[in-house]
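User: I would like to learn how to read a model of this kind, feature by feature. Could you take me through it, beginning with how the strands pair?

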Amino acid sequence: MKKVLSVFVLMLVCAVTYAGGYRVSLQGQRALAMGHTGVAVVNNAELAFFNPAGLVHLENKINLAAGGFGIFSDVVYQNEQFGQSAETDSPVGTPVYLYGSYKLNESFALGLAVYTPYGSRVEYPIDWAGSHLVNEIELQAIYIQPLFSWEVVKDRFSIGGGPIAAIGSVNFNRNLTRSLADLDGNRSNVTIDASGIVEFGWSVGAMLNLDNEDKWKLGFNYRSLIDVEVEAGDGDAVFSNLPNSPLSPISNGTFDFQASLPLPAEWTVGISYRPNDKWLFAFDYNYAEWSAYDALDLNFLNSDGSVALESLNPRNYKDASIFRFGAQYSPIKKLDLRAGYYFDESPVQDGFFAPETPRNDSHGFTGGFTINATEKLAIDASFLYLYFEEVDASYDPYIESGVQAPFSGTYKSNAVSIGLGVSYKL
């Protein structure tokens with residue numbers, strides 16, 4: 001099971017239109033409402049994701065934050081030259097999160113982060129024009145991360161981090177070619193289904209108070225590269241509707257396969273400024289090393305371990321950046337208002353725009369609020385509108401019968417997220 005999600009996790013996540021690369025930028029209500037900034041903001045237990053170095057700076061001994069999101073996304077494909085069009089039928093995505101921290105003393109805290117960076121589904125119409133690249137994809141994943149946070153220099157500098165365990169499942173389906181079918185006209189396809197993946201990584205963060213008045217903070221967070229080496233026997237690929245012909249690339253049935261895929265490292269650095277008790281401003285810069293993802297190659301294996309079918313899928317991604325801006329205003333003690341914006345640069349290069357990655361440069365407009373119901377309990381809410389710049393693009397490397405067959409068209413994408421959560425401190 002491990003190999004299947006490992007191999008397809010990158011392209012599956014990209015297929016969710018509110019994702020940026022591997023990421024779904026929905027890891028906390030307060031941070032999202034401020035343009036998904038948080039690496040230099042000491043606010044609540046959401047620091048467990050954004051920068052665990054800040055957990056030790058939370059005033060209370062126990063801090064908890066939990067919530068979820070409803071995501072409504074849409075991708076429209078059109079090729080006017082050939083009169084082709086399609087629109088995804090994507091059920092509502094519901095990523096969730098749970099963060100907690102416990103302060104052992106003034107200098108040390110422990111934490112736990114549980115969140116769903118992947119958890120949605122994209123479905124194109126059956127046998128649409130790009131079905132030889134993707135028909136349907138569904139992904140669910142849970143990340144679990146134990147954490148530490150240590151104030152190395154009192155009131156000035158702290159570090160934090162911990163290992164990451166990812167647990168998830170995946171389902172993927174596509175037609176084998178643009179035209180291959182059985183005698184009844186059913187398109188030949190492959191379905192990959194798996195669950196129970198466990199992969200490991202780690203992250204580390206640091207936070208620095210830049211002045212004695214606690215107005216300026218500088219934050220840094222790093223998530224490691226995870227190299228995935230897939231072996232035979234870890235999952236199933238089911239081929240169906242293949243004709244009984246020597247021209248068929250493979251026979252009907254269930255096969256093992258092999259693959260290798262890196263999950264890129266990412267860096268985030270940010271700064272926050274709190275001029276007074278009412279205002280807070282933040283800026284984050286995120287850099288993902290997407291160039292590690294140069295291809296998605298798979299070998300489907302016979303029972304004796306020999307290669308029955310080789311699938312070569314160049315991706316040729318480039319490193320990409322995200323620029324995030326956010327602000328918070330607290331007119332009264334019971335209410336915090338937030339707004340933000342971020343620009344997410346696409347890692348997809350010209351000629352490598354596949355329909356399982358229907359995304360271009362995007363603009364995220366965010367807002368939200370917190371109602372401090374009591375001294376201990378708060379209600380957090382957020383809103384995101386994500387607009388992708390319209391793009392005329394193609395995926396050129398696809399080869400059928402030894403001939404290059406580019407797939408091109410115009411893509412229009414957008415997504416809306418509404419989130420609700422609670423924060424508790426004791």
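Analyst: This is a predicted model, and a good place to start is a single bridge: Ala66 has Leu98 in strand 5 as its bridge partner. That bridge belongs to a wider pairing, since strand 3 and strand 5 (residues 96-105) are antiparallel and share seven bridges.

User: How many bridges join strand 5 to strand 6, and in which sense do the two strands run?

Analyst: Strand 5 and strand 6 (residues 108-115) run antiparallel and are joined by eight bridges. One position to look at is Lys103, whose bridge partner in strand 6 is Ala109. The connection between strand 5 and strand 6 is a hairpin that passes through two residues.

User: Which strands pair with strand 11?

Analyst: On one side, strand 10 is joined to strand 11 (residues 216-223) by seven bridges in an antiparallel arrangement; strand 11 is also joined to strand 15 (residues 266-273), again antiparallel, by eight bridges. Gly219 lets you follow both pairings, for this residue of strand 11 stands opposite Met207, while its bridge partner in strand 15 is Gly270. Strand 10 and strand 11 also form a hairpin, with six residues between them, and in its turn Asp214 has a positive phi of about 60°.

User: Where else should I look for a positive phi in a residue that is not a glycine?

Analyst: Two further cases are His36, with a positive phi of about 65°, and Asp155, with a positive phi of about 60°. His36 is placed in the loop between helix 2 (29-33) and helix 3 (47-50), whereas Asp155 sits in the loop between strand 8 (136-153) and strand 9.

User: Is His36 buried or exposed?

Analyst: His36 counts as buried because its relative accessibility is 3%, which is under the 20% cut-off. The same reasoning applies to Ile137, a residue of strand 8, which is buried because its relative accessible area is 5%. For Ile137 one can add a distance: its C-alpha atom is 5.7 Å from that of Asn171, although the two residues are 34 apart in sequence.

User: How should I read a pocket, and what volume does the largest pocket have?

Analyst: It helps to take the volume, then the lining residues, and then their classes. The largest pocket has a volume of about 1400 Å³. Its lining comprises 46 residues, of which Val42, Asn43, Glu59, Arg274 and Lys425 are the closest to its centre. The elements that contribute two or more residues to this lining are strand 3 (62-79), strand 19 (320-332), strand 22 (377-395) and strand 25 (407-425). By class, the lining of the largest pocket has 21 charged, 13 polar and 12 nonpolar residues.

User: What does the second largest pocket look like when it is read in that way, by volume, lining and class?

Analyst: The second largest pocket has a volume of about 730 Å³, and of the 32 residues in its lining, the closest to its centre are Arg174, Leu176, Ser311, Tyr398 and Ile399. Two or more residues come from each of several elements, including helix 1 (2-15), strand 9 (157-175) and strand 10 (189-209). Strand 18 gives the most to this lining, with three residues. By class, the lining of the second largest pocket has 21 nonpolar, six polar and five charged residues.

User: What surrounds Ser311, and is this residue buried or exposed?

Analyst: Ser311 lies in strand 18 and is buried, because its relative accessible area is 11%. Leaving aside residues up to four places away in sequence, Ser311 touches Arg174, Leu296, Asp297, Leu298 and Phe300. With Asp297, which is 14 residues away along the chain, the C-alpha separation is 5.6 Å.

User: Which elements have the lowest and the highest mean pLDDT?

Analyst: Here one reads the overall value and then the extremes: the protein has a mean pLDDT of 86, and 91% of its residues reach 70 or more. Helix 1 has the lowest mean pLDDT among the elements, at 35, and strand 20 (residues 335-344) has the highest, at 97. Over residues 1-22 the pLDDT is below 50, and this stretch has 114 contacts in the model beyond near neighbours in sequence. Helix 1 is also one of the elements that give two or more residues to the lining of the second largest pocket, a point to keep beside its mean pLDDT of 35.

How values were computed. Residues numbered from 1 in each chain as written. Predicted model: local features only at pLDDT ≥ 70, side-chain atom pairs only at ≥ 80, totals over all residues. Heavy atoms only, no water. 1 Å grid on protein atoms, 1.4 Å probe; cavity = no way out; pocket = protein on both sides within 12 Å on 5 of 7 lines; lining within 4 Å. Points joined across faces, edges and corners; volume = space filled by probe spheres on them. Helix = DSSP H or I, 4+ residues; strand = E, 2+ residues; numbered from the N terminus. Nonpolar A, V, L, I, M, F, W, Y, C, P; charged D, E, K, R; others polar. Buried < 20%, exposed > 50% of the residue type's maximum accessible area, 1.4 Å probe, protein only. pLDDT = per-residue confidence, 0-100. Contact = heavy atoms within 4.5 Å. Pairing = 2+ DSSP bridges.
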